[in-house]
Amino acid sequence: MGWPLAVSAGLMDKSPRALFRALWALAAGHLLATLLVLLPFAFLLVLAEWQRSIQLGASLLVIGFGVYRLIERRHPRTLARIPPTQLALWSFAVAIAHGAALMLVPIYLGLCRAFELDAGHQAAGALMKASLGMAVLVSLVHVAAMISAGGSLAWLVYRYLGLRFVSRSWFNLDAIWAASLILVGVVALALNLANWS
């Protein structure tokens, strides 16, 4: 969701260089947030005897955060205009607030083991559990994919559509995101409770 800020930086400075500087800052903040979420879970794998409790707690946390985001839909106005010098900090704060890497945590904690997985999910699960270095590599790949997709959108909007398009067509995806968090949490919780033996 940071790509509109990259467009804004490019439009304010009237320079594609400003857009790409903003994308680097967004990538740095998002990477830091992703690592902050994934690395503690990498260390938690050592506590195998607590795995069931951690899985259930993570499911409830995701559900609770999704419900909170459905109820509290407003974004703080201070997040609407971020100076380019503070984009890395903004990216970090928003990535943490929006659950950066939470989509990777179910694989990392083994929440996806409760049902038959395809080869891609099995490979992802095996890689994630391989080492702490793999958690860092997964974070890097995640950020590269995120900044490539967001950067492409930012560049296209900056280059071809401009400020008029951004100001007239902005929409909020928070409700869809919150509902997806609740759905993932409920499915993970149901699968864990069903296999409680």
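Q: At what angle do helix α3 and helix α8 pack?
A: This is a predicted model. Helix α3 covers residues 51-71 and helix α8 covers residues 174-194. Their axes lie 8 Å apart. The packing angle is about 155 degrees.

Q: Are α3 and α8 roughly parallel or roughly antiparallel?
A: The angle between the two helices is about 155 degrees. Angles over 145 degrees count as roughly antiparallel. α3 and α8 are therefore roughly antiparallel.

Q: Is the crossing of α3 and α8 left-handed or right-handed?
A: Residues of α3 that meet α8 include R52, L56, I63, F65 and L70. On the α8 side, the partners include W177, L181, I182, L189 and L193. Where α3 passes α8, the crossing is left-handed.

Q: Which helix gives the most to the largest nonpolar core?
A: The core has 20 residues. A6, L23, L26, L87 and A154 touch the most other members. At least two residues each come from α1 (3-13), α2 (16-44), α4 (87-97) and α7 (132-169). The top contributor, with six residues, is α2.

Q: Which residues does A154 contact, leaving aside its neighbours within four places in sequence?
A: A154 is among the core residues that touch the most other members. Another of these is A6, which is buried in α1. Beyond its sequence neighbours, A154 contacts W3, A6, V7, L19 and L23.

Q: Is L11 buried or partly exposed?
A: L11 lies in helix α1. Buried residues of that helix include W3, L5, V7 and G10. Buried means under 20% relative accessible area. L11 has 27%, so L11 is partly exposed.

Q: What distance separates the C-alpha atoms of L11 and G162?
A: Along the chain, the two residues are 151 residues apart. L11 is in contact with G162, and also with Y158 and L163. The C-alpha separation of L11 and G162 is 7.6 Å.

Q: Which residue with a positive phi follows α1?
A: α1 runs over residues 3-13. Its follower has a phi near 55 degrees. That residue is K14.

Q: What share of the chain's contacts with a separation of 6 or more is between residues 24 or more positions apart?
A: The chain has eight helices and zero strands. One contact across the sequence joins L11 and G162, which are 151 residues apart. For residues 24 or more positions apart, the share is 83%.

Q: What percentage of the residues count as buried?
A: The accessible surface of the chain is about 11,900 Å², with 70% of it belonging to carbon and sulfur atoms. The chain has 197 residues. The buried share of these is 39%.

Technical notes: Residues are numbered from 1 along each chain as its sequence is written. This is a predicted model: local features need pLDDT of at least 70, side-chain atom pairs count only at pLDDT 80 or more; totals for chains, interfaces and linings use all residues. Side-chain values use heavy atoms; hydrogens and water are left out. Helices (H or I, at least four residues) and strands (E, at least two) are DSSP runs, numbered from the N terminus. Buried means under 20% relative accessible area, exposed over 50%, partly exposed in between (1.4 Å probe, protein chains only). Contact means heavy atoms within 4.5 Å. Accessible areas come from the Shrake-Rupley method with a 1.4 Å probe; for residues, only the protein chains shown count as cover. A nonpolar core is a set of buried Ala, Val, Leu, Ile, Met, Phe, Trp, Tyr and Cys residues joined through side-chain atoms within 4.5 Å. Axes are lines fitted to C-alpha atoms, for helices over the stretch in contact, and angles run from 0 to 180 degrees between N-to-C directions. Angles under 35 degrees count as roughly parallel, over 145 as roughly antiparallel, 65 to 115 as roughly perpendicular and the rest as oblique. A crossing is left-handed if the near helix is turned anticlockwise from the far one by less than a right angle, and right-handed if clockwise.
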